[in-house]
Amino acid sequence: MQFHHHGYVSGDPRISPAAATLAPEELPDEVDVLIVGAGPAGMILAAQLAQFPDIVARVVERRPGRLEVGQADGIQARSVETFEAFGFAQQITAEAYQISSMNFWAPDPADHSRIVRASRAIDDPTGISEYPHLIVNQARVLDYFAASMAAAPTRLTPDYGYEFVSLEVHDGEPHPVAVTLAHTAGEQQGTERVVKAKYVVGCDGARSGVREAMGLKIEGNQAMHAWAVLDALAVTDFPDIRTKCAIQSVEGSILLIPREGGYLFRMYVDLGDLAPEDHGRVRSTTVEEAIARANAILAPYTLDVRDVAWFSVYEVGHRIAPRFDDAPQRADGLPRVFIAGDACHTHSAKAGQGMNVSMQDGFNLGWKLATVLRGGAPRELLATYDAERHEIAQNLIDFDRTWSTMMASKPDESSDPDALAEFYTRTAEFPAGFMTCYPPSMIVGTDTHQALAAKVTVGKRFRSWPVRRVADTVPAHLGHHAKADGRWRVYAFADRGGLALHDWAEAVTDVRDGAVARVTPLGADLDSVLDVKAIYQEPYDEVALERVHPLFLPRVGPFGLIDYEKVYAADPEDDIFDARGISRDGCVVVVRPDQYVAHVLPLSEPEALTAFLAQHLHAVSTEPSMSH
């Protein structure tokens, strides 16, 4: 963590200096971005926008206060990587339950009335991330994002007690989206007010009012199958109560997920297929009935439930909105209103994807809105949100349909007891959040030079790796230095000796047409838009800082101090060049603000970086524009 470069900091350095002009405590009449819904998608989006003192963003929520009991609890490793960008990956990992394996139970071949442990699967058999798979209450995730917002320059906090009523878009006005909100609590309960915004994002759940106001209908079907879910404290002789389990018996199925704290656990209890004439009656299933069914499934083991923290019944459905923005309704074809999270896509809870994919929706959109609002990119950048996230949501629904169907299948004598475990292991990369691969676009290049970094796939998330910081020889994780600040990361991997790297750095800082010079505003720090780092293949004690190009030792802050945390060397015990398939001739890896690899380019073609960035980043102007 870096601080003191703007002057000595005597307090908590994780709290950014407050913006010169803070937004008023009361919800203002005009904002740049109005976020409807303080769930995972809305809060990660708000936490990003809170980093920018010149953006007025607000998040409204119909609840009167913070969420106390969240429905979601599974945090995939990709989400924990994202939390690192917001500064709380370590804290939430220490608090959470960590999943390291999953056990599969099936009917005893000798006596189908009993279940036995059939197999065990390692949760991350290939070591795809340095972070674990976590279980922690959704409410705590929101708390961490709220803390990030409150410590950001704008000191943003959610505006509780506001319910979305309607919206109208008046193209051509400075704040074209007029949103009517109703007070849900306090002295003004029941009264309405209008807030005007440049952009609106509906993160208001499966019954999204914003989606309805956009004229979009969520499409899909019911699986005609129901599950009960309960968070419970119990005494049991089931030996795997503290291990994630998929349990299939002749009586039905259970997905068991231990919770944080050492005692609490969650059970998804199979309630069976629904008749067409059920019409939601299954939702009247009592907690006592669900517990009785759980005991039948667990036989010969018993479950003595002592307390239930939360209980619900749901019917499995798989639905997706036809679009995630209102672009076709706008005269210029560019969106003003977006939806994210459950407002876009709904599915079963058993794949543990709802909160995770929702947060990636918000992470994807947040930096794009910030870049456009601050004048760094054209509004066309916002069209990439629907183009990228809609396909990901459809892939999720397809996966979840298969997984939830397999979970609900009752085994018989002809069933393969290892089928579920085999599917879980074979598809592990998808539910962990690492199968997302964005196609070529204005912000994702082609794979023309992919061979230069064979295991750093263009379009997929940038995987961090251990390196050594040259200035102080401290071991570091290369990707952990990247925060949710809207900057692009450019990792320049040096050739042997570093001569080609030096020439590349000279070219990209050329004031006439260099990529870095082109996008850096006059008077701003050299790394204010592109955070460029050098990674040498020689041992750290063979890299001479005095010969490193100034691009990698930029002057920052009002005192023009040298930033020494942009020069790295390969760790001799775990060489990043070998591990990530990086050419010994060097290369350039361009990474988006949301941690996805945008391009791989050769050091010999510095103009290729300029050409790529010109597709979506404006050339500099001395004054940022907020007219977008």
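The legends below describe close-up views of a predicted model.

**View 1. An open sheet of 7 strands with mixed pairing.** The strands of this sheet follow one another in the order 20-19-25-22-21-26-27. Strand 20 (475-477) and strand 27 (597-601) stand at the edges with a single partner strand each, so one side of each is left without a neighbour in the sheet. On average, and with direction ignored, neighbouring strands of this sheet are turned by 30° against each other. Helix 13 (residues 606-613) packs on the sheet, where it touches strand 21, strand 22, strand 26 (587-591) and strand 27, and the direction of helix 13 makes about 155° with that of strand 27.

**View 2. Strand 22 and its enclosure by the rest of the structure.** Strand 22 spans residues 530-536, and 7 of its 7 residues are buried, so this strand is largely enclosed by the rest of the structure. In a regular strand the side chains alternate between the two faces of the sheet. Both faces of strand 22 are covered, with Leu530, Val532, Ala534 and Tyr536 buried on one side, and Asp531, Lys533 and Ile535 buried on the other.

**View 3. Pairing of strand 22 with strand 21 and strand 25.** Strands of a sheet pair through backbone hydrogen bonds, either parallel or antiparallel. Strand 21 (residues 488-493) pairs with strand 22 in the parallel sense over 6 bridges, and within this pairing Phe493 has Ile535 of strand 22 as its bridge partner. Strand 25 (residues 567-570) also pairs with strand 22 in the parallel sense, over 3 bridges, and here Tyr536 stands opposite Ala569 in strand 25.

**View 4. Antiparallel pairing of strand 19 with strand 25.** Strand 19 (residues 466-469) and strand 25 are joined over 3 bridges in the antiparallel sense. For Val467, the bridge partner in strand 25 is Ala570.

**View 5. The packing of helix 1 against helix 4.** Two packed helices are described by the angle between their axes and the distance between the axes. The axes of helix 1 (residues 40-49) and helix 4 (residues 138-151) come within 9 Å and cross at roughly 15°, which makes helix 1 roughly parallel to helix 4. The crossing of these two helices, helix 1 and helix 4, is left-handed. On the side of helix 1, Pro40, Met43, Ile44, Ala46 and Ala47 take part in the contact, meeting Gln138, Leu142, Phe145, Ala146, Ser148 and Met149 in helix 4. Sorted by class, the contact of helix 1 with helix 4 comprises 9 nonpolar and 2 polar residues, with no charged residues.

Definitions and conventions: Residues numbered from 1 in each chain as written. Predicted model: local features only at pLDDT ≥ 70, side-chain atom pairs only at ≥ 80, totals over all residues. Heavy atoms only, no water. Buried < 20%, exposed > 50% of the residue type's maximum accessible area, 1.4 Å probe, protein only. Helix = DSSP H or I, 4+ residues; strand = E, 2+ residues; numbered from the N terminus. Pairing = 2+ DSSP bridges. Axes fitted to C-alpha atoms, helices over the stretch in contact; angles between N-to-C directions. Parallel < 35°, antiparallel > 145°, perpendicular 65-115°, else oblique. Left-handed = near helix turned anticlockwise from the far one by under 90°. Contact = heavy atoms within 4.5 Å. Nonpolar A, V, L, I, M, F, W, Y, C, P; charged D, E, K, R; others polar.
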